[in-house]
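Q: Hi! Could you walk me through the contacts in this one? I'd like to start with the chains and then go on to the domains.
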Number of protein chains: 2
Amino acid sequence: MYPETCKSFVAIDCIIFGFDGEDVKLLLIHRGFEPLKDQWSLMGGFIEEMESPDEAAIRVLKKLTGLEDVYMEQMDVFGNPNRDPYGKTISICYFALIDIQKYKHQIINDYRAAWFSLKEVPELILDHNDMVASARNRLKYKAALHPILFELLPDKFTIPQIVSLYEGVYDIILDKRNFNRKLLSTKLLVKTSEKDKLNSKKGAYYFKLNSDVYKEKFSAFINFIPNPN
Amino acid sequence: MYPETCKSFVAIDCIIFGFDGEDVKLLLIHRGFEPLKDQWSLMGGFIEEMESPDEAAIRVLKKLTGLEDVYMEQMDVFGNPNRDPYGKTISICYFALIDIQKYKHQIINDYRAAWFSLKEVPELILDHNDMVASARNRLKYKAALHPILFELLPDKFTIPQIVSLYEGVYDIILDKRNFNRKLLSTKLLVKTSEKDKLNSKKGAYYFKLNSDVYKEKFSAFINFIPNPN
DNA sequence: ACAAAAGTGTTAATAATACACCCATGC
DNA sequence: GCATGGGTGTATTATTAACACTTTTGT
């Protein structure tokens, strides 16, 4: 056995992204317990005795959202020895992409959960704002190359929604003609005959994912975001 | 303070890559101490009391190689609860890219260090072979997009060396004409008037990095590896 | 003179960009 | 009939890919 002094608290924290059709959002909790009561925070938890970090992240995400089989990715470890004044804690961060329509509000005694637009993220406890910043960068990086943002979309979605999604993540304006061409060239999308008439008079066709192509291309490089020249 | 049962051992392990002009190599240690005496292993260590994971990685790397200011990147956390039978240990992995010519063999009582070609990695303790596999994938991923492999090269290097380096990392054969053109188009390289006459009769010109351009383009996307179509 | 590795150019195909108008509908 | 957002096409440029011969020099 190794020396006890090498032990440390180990937690995971989840940066959970959603998309409501207009804006990219972050799921945060309001702590109803000490320490740091009544402050906003990421959802997290300690890793339990017989659990891997990934399992802990899945457990915590399910507790908050009711969802399983969610796209989740390990990102940075935050381990500055002074980051948590309540005990030296190393936190392994995960970012998760969920379909906000599938999110079921869980009744959890100690937390109140709420979605925040990325433009209005409140002050968070400890170094959680840094974690969010890191997750946003990671999301931008990854989504410029791989079609992961489709994880945020419901089963049926329109092209204008995808455009808003990418525009929200990158804070840019896309040329819809060129972007549309690139989207369709991936063969990821299947047009349905239904239209979304809520957001316009003309109505926009709903598309679904071609799940075979999606699985195949999930790790492939696709340049979704134009180079800024 | 949080409950003591949430504590766990936390270590870092370093996957250290080098390049000798022909092959990509891995720096491993032979353990001269229990547990797992006389087996090959990655270099690692526990995170100390007042240390962040990054600081621990830097300390461990320096102890083994004598080098500071090395390119190092946090990668996966290995935290399967059964991964280490000597105590539940979570390991944060780092991969490092060093100039093998700058490597100074350190006299360390408990270890014997040696370089292994990627094609001849021995059986390692615990899950260290998985860590190596993960580091190799990460290296491939990252180096296809960013010029990080230059971290492996000495101050002066030839184009044929760069070609061997990329061919070794990806286990492919490159078209040297197209690759050469892409390399030069990055403006990363400065031709010197010296030639390396060791590896051929004609001799190959030495190049240096243009460090301004290198800093500028370090995070930029450059497609070094052709798409397999 | 020949072997061994270095170096160099052209063409064709593909992908990326810039850009502007018509369409369908609800009011 | 008009305002709103949805949808489409083309021309230009830039990038990538395929492909083979000449150069240098040590032996």
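Q: How many residues of chain B are in contact with chain A, and how many of chain A with chain B?

A: Happy to help, and do keep in mind that this is a predicted model. There are 38 residues of chain B in contact with 38 residues of chain A.

Q: And how much area do chain B and chain A bury between them?

A: About 3,200 Å², with 65% of it on carbon and sulfur atoms. On the chain B side, Y2(B), F9(B) and Y141(B) lose the most area to chain A, and together they make up 21% of what that side buries.

Q: How many salt bridges and polar contacts are there across the interface of chain B and chain A?

A: The rule finds zero salt bridges there. It does find 11 residue pairs in polar contact, both residues being at pLDDT 80 or more.

Q: Which elements of chain B each supply at least two residues to that side?

A: Those are β1 (7-19), β5 (71-78), β6 (89-97) and α2 (128-145) of chain B. By class, the side of chain B that touches chain A has 19 nonpolar, 10 polar and nine charged residues.

Q: How do β1(A) and β1(B) run, parallel or antiparallel?

A: Antiparallel, and three bridges join the two strands. In that pairing, S8(A) stands opposite S8(B).

Q: Nice. Switching to chain A by itself, where are its domains?

A: Domain 1 of chain A covers 4-143 and domain 2 covers 148-217. Their C-alpha centres lie 27 Å apart. The contact takes 18 residues from domain 1 of chain A and 14 residues from domain 2 of chain A.

Q: What area do those two domains bury between them, and which three residues of domain 1 supply more than any other three?

A: The two domains of chain A bury about 1,400 Å² between them, 68% of it on carbon and sulfur atoms. The three residues are F19(A), K140(A) and A143(A), which supply 37% of the area that domain 1 buries against domain 2.

Q: How many salt bridges does the rule find between the domains?

A: One salt bridge. D155(A) forms a salt bridge with K102(A), and the closest N and O atoms are 3.9 Å apart. The count of residue pairs in polar contact between the domains is also one, with both residues at pLDDT 80 or more.

Q: Which element gives the most to the domain 1 side?

A: That's α2(A), with four residues. By class, the side of domain 1 of chain A that touches domain 2 has 10 nonpolar, three polar and five charged residues.

Note on methods:
Residues are numbered from 1 along each chain as its sequence is written. Chains are lettered from A and ligands numbered from 1 in the order in which they are written. This is a predicted model: local features need pLDDT of at least 70, side-chain atom pairs count only at pLDDT 80 or more; totals for chains, interfaces and linings use all residues. Side-chain values use heavy atoms; hydrogens and water are left out. Domain bounds come from an automatic or database domain assignment. Contact means heavy atoms within 4.5 Å. Buried area is the accessible area (1.4 Å probe) that two parts lose on being put together, summed over both. A salt bridge is a side-chain nitrogen of Lys or Arg within 4 Å of a carboxyl oxygen of Asp or Glu. A polar contact is a pair of N or O atoms within 3.5 Å; within protein, one must be able to donate a hydrogen and the other to accept it, and residues adjacent in sequence count only if both atoms are side-chain atoms. Ala, Val, Leu, Ile, Met, Phe, Trp, Tyr, Cys and Pro count as nonpolar, Asp, Glu, Lys and Arg as charged, and the others, Gly among them, as polar. Two strands pair if DSSP finds at least two bridges between them.
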